[in-house]
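Dear colleague,

I am handing over the structure we spoke about, with the sequence alongside. Please open it first and keep it beside you while you read the notes that follow.

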Amino acid sequence: EFEESALGLIPKGWRVGTLGEEVKIAYGKNLPTTNLLISGFPVFGGNGQIGFFDKYLYDERQVLISCRGAASGKVNQSLPKSFITNNSLILETGKGKYIPFGYLKWLMKNSDLSGFVTGSAQPQVTIDNIKGFKVLVPDMYLLGLYESVSSSLEDRIEENQKQSQTLTTLRDTLLPRLISG
């Protein structure tokens, strides 16, 4: 059964909220690129991972929105135990948050955020701009089911990325030795 909402017809029992009501939105922290390290905890900027640092800000994966420059409005995600720079808005998920990571990531990746980008010389997305973004929120039971499936997929994706990075490092180490004899 469906009912009318601000977004049109939605399943009965679901609701429409705003991003600012459903999740805490925060800016990342400033980290000059001169402070990046070769290893440590991953650091995420507006376009993905940019290096490593000796501290992290978040224990769990977070949904990120690039908030400065040409990539403004691009949706990304961090890894667990990551530092996130001030080039990203963080849609904080985790304990005590209503919308879990998996659904929030899917929702944001399938949303057009271009209408929330302001500025001509320097495009940007601000917390004030994005907090009014309307989101469709399923009932708790469905969110729990979705998260139980998506979290295992996210874990597998993370493991594959780690394995890919290990293989890349191994290739980069062995290839020069092979070429030089």
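Leu142 counts as partly exposed, because its relative accessibility is 34%, and in this model, which is a predicted one, Leu142 has its place in helix H4, the helix that covers residues 140-180. Together with Tyr141 and Leu145, Leu142 makes a nonpolar surface patch of about 310 Å².

Helix H4 also takes part in the salt bridges, of which a search of the whole structure finds 11. One of them is formed by the side chains of Asp155 and Arg61, which meet with a distance of 2.6 Å from N to O. This pair links distant parts of the chain, since Asp155 lies in helix H4 whereas Arg61 lies in the loop between S6 and strand S7 (63-66), and the two are 94 residues apart. The partners also have their own accessibility values: Arg61 has a relative accessible area of 13% and is therefore buried, while Asp155, at 41% relative accessibility, counts as partly exposed. The cut-off behind these words is that a residue is called buried under 20% and exposed over 50%, with partly exposed in between.

A second salt bridge that involves helix H4 is the one between the side chains of Lys162 and Glu159, with 3.9 Å from N to O. Lys162 and Glu159 are separated by about one helical turn, because they are 3 residues apart in helix H4. Lys162 is partly exposed, with a relative accessible area of 46%, and Glu159 is likewise partly exposed, with a relative accessible area of 42%. When you look at these residues, please view them as a group, for Arg61, Asp155, Glu158, Glu159 and Lys162 are linked in a network of salt bridges.

Another salt bridge to look at is the one in which the side chains of Lys131 and Asp128 meet, at 3.4 Å from N to O. Here Asp128 is exposed, with a relative accessible area of 57%, whereas Lys131 counts as partly exposed, at 41% relative accessibility.

Turning to the strands, you will find an open sheet that is formed by 3 strands in the order S6-S5-S9, with mixed pairing. Its edge strands are S6 (48-53) and S9 (83-84), each of which pairs on one side only. How do the strands pair, parallel or antiparallel, when we take S5 and S6? Strands S5 and S6 pair in the antiparallel sense, over 5 bridges, and a hairpin joins S5 to S6 through 2 residues. Within this pairing, Phe41 stands opposite Phe53 in S6.

Strand S5, which consists of residues 41-45, is also joined to S9 by 2 bridges, and these two strands run parallel. On this side of S5, the bridge partner of Val43 is Phe83 in S9, and Phe44 stands opposite Ile84 in S9. As for its surroundings, S5 is mostly covered, given that 4 of its 5 residues are buried.

If you have time for two places, I would suggest beginning with the network that includes Arg61 and Asp155, and then going on to the sheet in the order S6-S5-S9. Please bear in mind throughout that the model is predicted.

With best regards

Technical notes: Residues numbered from 1 in each chain as written. Predicted model: local features only at pLDDT ≥ 70, side-chain atom pairs only at ≥ 80, totals over all residues. Heavy atoms only, no water. Pairing = 2+ DSSP bridges. Buried < 20%, exposed > 50% of the residue type's maximum accessible area, 1.4 Å probe, protein only. Patch = residues over 30% accessible without salt bridge, like charges linked within 9 Å, V, L, I, M, F, W, Y side chains within 5 Å. Areas by Shrake-Rupley, 256 points an atom, 1.4 Å probe, with all protein chains shown as cover. Salt bridge = Lys/Arg side-chain N within 4 Å of Asp/Glu carboxyl O.
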